[in-house]
Amino acid sequence: MSSVPSIPAERLPELLRAMPKAELHMHIEGSLEPELIFAMSQRNGVAIPYASVEELRQAYAFTNLQSFLDIYYAGASVLITQQDFHDMAWAYLQKAKADNVVHAELFFDPQTHTARGVAMQVVIEGLHSACVRAGTELGVDASLILCFLRHLSEEDAFATLEQALPFRDKFIGVGLDSSEVGHPPEKFARVFARCRELGLHLVAHAGEEGPPEYVWTALDLLKVERVDHGVQSSKDPQLMQRLARDRIPLTVCPLSNLKLCVFPSLDQHNIRALLDAGLVVTVNSDDPAYFGGYVNDNFLQTFAATGLTAAQAYTLAANSFEASFADAGQKKRWREQLDAAFARFA
Ligand code: HPA
Ligand code: ZN
C-alpha cells in the first residue's frame, strides 16, 4: 500500500481488531488460563499450591521476570498427556482466530516437561496436532519453535535437541528463554551453531531485562534472525543502527513489559522510539494468560496509551508478516489481505 488511507481516530480500535496479523512471540505454556490449570490439575491428580482460580489469579502480581517465571513453571506442571498439550494450544489458537491472527509461531519449553518425566513425543505431538487442526478448522497457519531454557546448561540444551530431532518436521526453529540476566547468549553458542547446520530458524530473547550487549551477542554469536523483546536496544545508538540496517525484527510485548516492570507504565514504553528509528517492530502477547491480554489487547492498550496512528498500525501488521518464517508467496498474500482490510476503513 503506497499510502495508508486516513482513518478517523475513533475507528482505530475497530481497525486494530480487524486487521490481519501474525503473532511471533507467544509461549504456549503462557496461554494456560487459571481455569484450564485447575481443570488439568484435577483430571491429572497434580496438586498445585492454590485453593481456587481466584487465589491463583491473585498471585499474578509480578515485580520482575523471575517472579513471573516461578509461577509460570508451577502452572505448567499440570500438563501431562498429549491431550493436555493439544487442548492448551487449541484454546490459544481459537483466541488467535478471534483476534484475526492469520499466522502464529508458538514457543514451547520442552525442558519444563521432560524434566518431570513427560516424553518429548507427548509434548510435540500434542502441540503439533493442534497446529494442524487450526489450519484445517480455523484457517490459522501455526508452527512451533522449540525454546531452550537458558538457566539450564548448554549440555542440557544439546540433550533436548537430540530428543527433539526425531520430530524435526514438527518444529521450524529454536529460541532461548527463561531467566536472562546472568545467562548471556554466548552460553549457547555451540548448540545454536548445531541448530543452524540443521537448517532450523534461530531466535532468542535478548534485551528484555538484560543489557544491549546481550542483543549484540545474540546477533553476532548465535546468529539469530529475530530478537525477542530487544527493547533495551534503545540504550545503544550503534545497536539501533545495526538493527535498522539489517532489518532484524524485534518481537515486542508491551503488556508483558508492563506487568514485569520493564517500563513503569505503557505510556512510557519505547515502542514509538523503536518505530521512529526504522526498526522492524512487531506487537505480541508473550504469555497472554499471565499478562492481562491476548494480541489485540496488546494493540488496543498500547495505541490508547501512546497515541500511535493508523499508519503505524499498518506498519506493525506488515512487519509481523515480513518478520515471520513463512515463504515469500504466503507473505505477499497476507500483505494483500492487510491492504484490503485497510481499504475497507478508508
Ligand atoms: N522472558 C523469558 N522467558 C520467558 C518469558 C519471557 O518473557 N515468557 C516465558 N518464558
Ligand atoms: Zn517471551
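Ala, Val, Leu, Ile, Met, Phe, Trp, Tyr, Cys and Pro count here as nonpolar, Asp, Glu, Lys and Arg as charged, and the others, Gly among them, as polar. On this scheme, the lining of the second largest cavity has eight nonpolar residues, one polar residue and no charged residues. The model described is a predicted one.

A search of the whole structure returned two cavities of 30 Å³ or more. The largest has a volume of about 100 Å³. The second largest holds about 30 Å³ of space.

The largest cavity is lined by 16 residues. His 27, Leu 65, Phe 68, Leu 69 and His 205 lie nearest its centre. By class, the lining of the largest cavity comprises seven nonpolar, four polar and five charged residues. Helix 4 contributes the most to this lining, with five residues.

Ligand 1 sits in the largest cavity. The residues around ligand 1 include His 27, Leu 65, Phe 68, Leu 69 and Tyr 72. Asp 177, Ser 178, His 205 and Glu 208 are also among them. His 229, Asp 286 and Asp 287 complete the list. The shell divides evenly by class: four residues are nonpolar, four are polar and four are charged. Helix 4, which spans residues 65-76, supplies the largest share of the shell, four residues.

Polar atoms of the protein approach ligand 1 at several points. A polar side-chain atom of Asp 286 lies 2.7 Å from an oxygen atom of ligand 1. For Glu 208, a polar side-chain atom is placed 2.8 Å from a nitrogen atom of the ligand. In the side chain of His 229, an N or O atom is 3.3 Å from an oxygen atom of ligand 1. Taken alone, ligand 1 exposes 260 Å², and the protein buries 100% of that area.

The second largest cavity has its own set of lining residues. Ile 37, Ile 48, Tyr 50, Leu 56 and Tyr 60 are among them. Ile 71, Ala 74, Gly 75 and Tyr 290 also belong to this lining. Gly counts as polar under the scheme used, and the lining has one polar residue. Charged residues are absent from the lining of the second largest cavity, whereas five charged residues line the largest cavity. Helix 4 again gives the most, here with three residues.

Conventions. Residues numbered from 1 in each chain as written. Chains lettered and ligands numbered in written order. Predicted model: local features only at pLDDT ≥ 70, side-chain atom pairs only at ≥ 80, totals over all residues. Heavy atoms only, no water. Near = heavy atom within 4 Å. Polar contact = N/O pair within 3.5 Å; in protein donor to acceptor, adjacent residues only side chain to side chain. Areas by Shrake-Rupley, 256 points an atom, 1.4 Å probe, with all protein chains shown as cover. 1 Å grid on protein atoms, 1.4 Å probe; cavity = no way out; pocket = protein on both sides within 12 Å on 5 of 7 lines; lining within 4 Å. Sits in = over half its atoms within 2 Å of the grid points. Helix = DSSP H or I, 4+ residues; strand = E, 2+ residues; numbered from the N terminus. Points joined across faces, edges and corners; volume = space filled by probe spheres on them.
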